[in-house]
Amino acid sequence: MPSSTSPDQGDDQESCILKFSDLDLKDTSLINPNSSLKAELDVNTKKKFSFAKKKAFALFVKTKEVPTPSFEYKEKWWKCCHQLFTDQTSIHRHVATQHADEICHQTAAVLKQLAVTLNTSKSLKSADKKNPLIEYLTRNHEVSTWLPDTSCFSPDELTSGQGSDEGEVLLYYCYCDLEDPHWICAWQTALCQRLHLTGKVRIATEGINGTVGGSKLATRLYVEVMLSCPLFKDYLCKDDFKASKGGAFCFPELRVGVFEEIVPMGISPNKISYKKPGIHLSPGEFHTEVGKFLSQANQEQSDTILLDCRNFYESKIGRFQGCLAPDIRKFSYFPSYVDKNLELFREKRVLMYCTGGIRCERGSAYLKAKGVCKEVFQLKGGIHKYLEEFPNGFYKGKLFVFDDRYALSYNSDVMSECSYCGASWDQYRLCSTPQCRQLVLTCPACQGQGFTASSDGADSLKDVAHLHFLLPWLMPEILP
């Protein structure tokens with residue numbers, strides 16, 4: 001069953017379709033949303049159960065917010081059960097695992113309130129045709145009209161050919177203003193379900209970011225629907241979808257959610273907007289610029305910096321020659337890295353790149369906003385598009401991807417080594433320790449000797465034997 005991640009807590013509560021100000025989030029007397037409660041709701045309201053649960057989750061997390069220290073770049077932290085959480089992933093995971101009952105109670109309250117709201121919908125229609133609730137309900141009926149007609153295909157046709165040689169994984173993003181991300185979330189969930197696609201789709205008012213896997217027929221239909229949708233057809237083109245061999249098996253499930261950012265940099269889009277990025281360079285133009293940079297006798301004295309804005313475990317197994325690869329664990333640390341190294345970028349021409357281009361959009365905007373660089377450029381389409389044109393170009397090694405494949409290979413170069421014996425090796429595998437979701441580089445010889453787990457004391461980001469990478473929880477980093 002598909003699962004939806006919770007809405008980002010930065011959403012303006014006043015923009016919610018329902019008014020939650022009357023809810024007592026600490027009221028434990030509320031009943032669970034059992035059959036008797038559902039019986040009170042009409043058919044249309046029952047479809048809002050998942051929406052109500054997301055809002056209940058968001059409001060619960062909202063009550064746990066605490067101010068951040070002045071030296072921190074993040075806008076908020078959370079405190080719950082005597083624990084301090086500094087990122088959304090950890091607080092979301094804590095709430096989901098430790099406070100399921102409270103969320104259930106609050107969901108029931110939201111559903112009850114929705115039932116009351118629907119009973120007065122007739123008066124609302126006459127009072128204000130632009131009421132958010134009315135718009136939401138109207139659009140919800142239209143979700144089915146934006147789904148492809150698959151009646152001419154059998155389920156076997158949509159799901160067949162999902163092996164590594166016949167199936168496909170799509171990677172894409174689109175920055176554009178979306179007024180109703182929750183409707184987009186419902187539509188994307190229904191669309192992916194109809195096409196039997198798995199993967200992760202992240203939606204915000206600033207756009208959409210997705211990676212989905214399935215049969216080539218399913219991915220083709222998905223692209224056709226996205227290109228024909230009025231919300232995206234003026235922004236997306238076929239070339240914006242990066243395809244690679246794979247399929248639905250590359251992801252454990254379908255996860256679609258609404259967030260504040262379509263890739264989490266940890267800074268509100270209202271402060272650093274995608275609308276002020278660096279100059280986009282095509283793969284060919286970028287290739288030319290990198291060639292000029294590498295041809296210089298003294299690259300350290302060059303006025304150009306080739307900047308990899310991915311995470312350290314990505315750049316470890318593959319990167320452009322001569323690049324600067326920050327030792328950061330996730331993209332939300334990138335702004336802090338820039339701030340600590342402003343002098344490094346002063347009066348420099350910066351050539352930025354990432355997996356598919358999305359991190360460079362706001363990463364370049366952040367770097368430009370500092371006002372220290374001479375120029376900021378970014379690779380359009382990211383490494384993915386570059387390797388399609390230049391598989392034996394200046395990028396050496398594998399391309400890390402955030403799914404069960406871990407990496408894509410375009411050339412034979414091996415850039416990393418086994419973390420136990422030092423032999424050339426670049427294939428990640430999960431730590432063998434039960435319930436550990438961290439990645440380790442261990443060659444076949446060391447695996448044969450039982451070296452398949454990370455070391456006990458590997459807390460440091462520099463200890464490659466114990467990568468602090470929780471694959472199922474890093475949806476943001478995964479995407480383009």
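This passage describes a buried strand, several salt bridges and two individual residues in a predicted model.

Strand β5, which spans residues 198–204, is largely enclosed by the rest of the structure, because seven of its seven residues are buried. In a regular strand the side chains alternate between the two faces of the sheet. In β5, Thr 198, Lys 200, Arg 202 and Ala 204 point one way, while Gly 199, Val 201 and Ile 203 point the other way, and the residues of both sets are buried. The strand pairs with two others. With strand β6 (residues 207–215), β5 runs antiparallel and is joined by seven bridges, and the connection between β5 and β6 is a hairpin of two residues. Within this pairing, Arg 202 of β5 stands opposite Asn 209 of β6. With strand β8 (residues 254–258), by contrast, β5 runs parallel, and five bridges join β5 to β8. Here Ile 203 has Val 258 of β8 as its bridge partner.

The count of salt bridges in the model comes to 19, and three of the pairs are described here. In helix α16 (residues 382–389), Lys 385 and Glu 388 lie three residues apart, which is about one turn of the helix. Their side chains meet in a salt bridge with an N to O distance of 3.5 Å. The two partners differ in their surroundings: Lys 385 has a relative accessibility of 9% and therefore counts as buried, since the cut-off for this class is under 20%, whereas Glu 388, with a relative accessible area of 40%, is partly exposed.

A second salt bridge is formed between Lys 370 and Asp 339, whose closest N and O atoms are 3.1 Å apart. This pair links distant parts of the chain, as Lys 370 is placed in the loop between α15 (358–369) and β13 (375–379), while Asp 339 belongs to helix α13 (residues 334–340), and the two residues are 31 residues apart. Lys 370 counts as partly exposed at 33% relative accessibility, but Asp 339 is buried, with a relative accessible area of 17%.

In the third pair, the side chains of Lys 62 and Glu 65 meet in a salt bridge at 3.7 Å, N to O. Both residues count as partly exposed, Lys 62 at 33% relative accessibility and Glu 65 at 26%. Together with Lys 76, Lys 62 and Glu 65 are linked in a network of salt bridges.

Two single residues were also examined. Thr 304 is found in strand β10 (residues 304–308), and its relative accessible area of 6% places Thr 304 among the buried residues. The side chain of Thr 304 is joined to that of Asp 303 by a polar contact of 3.2 Å. When residues up to four places away in sequence are not counted, Thr 304 touches Phe 293, Lys 348, Arg 349 and Leu 351.

Cys 418 has its place in the loop between β16 (407–408) and β17 (428–430), and, although it lies in a loop, Cys 418 is buried, with a relative accessible area of 3%. Leaving aside neighbours within four places in sequence, Cys 418 is in contact with Ala 423, Trp 425, Leu 441, Thr 442, Cys 443 and Cys 446. For one of these partners, Cys 446, which is 28 residues apart from Cys 418 along the chain, the separation between the two C-alpha atoms is 8.3 Å.

Definitions and conventions. Residues are numbered from 1 along each chain as its sequence is written. This is a predicted model: local features need pLDDT of at least 70, side-chain atom pairs count only at pLDDT 80 or more; totals for chains, interfaces and linings use all residues. Side-chain values use heavy atoms; hydrogens and water are left out. Helices (H or I, at least four residues) and strands (E, at least two) are DSSP runs, numbered from the N terminus. Buried means under 20% relative accessible area, exposed over 50%, partly exposed in between (1.4 Å probe, protein chains only). A polar contact is a pair of N or O atoms within 3.5 Å; within protein, one must be able to donate a hydrogen and the other to accept it, and residues adjacent in sequence count only if both atoms are side-chain atoms. Contact means heavy atoms within 4.5 Å. A salt bridge is a side-chain nitrogen of Lys or Arg within 4 Å of a carboxyl oxygen of Asp or Glu. Two strands pair if DSSP finds at least two bridges between them.
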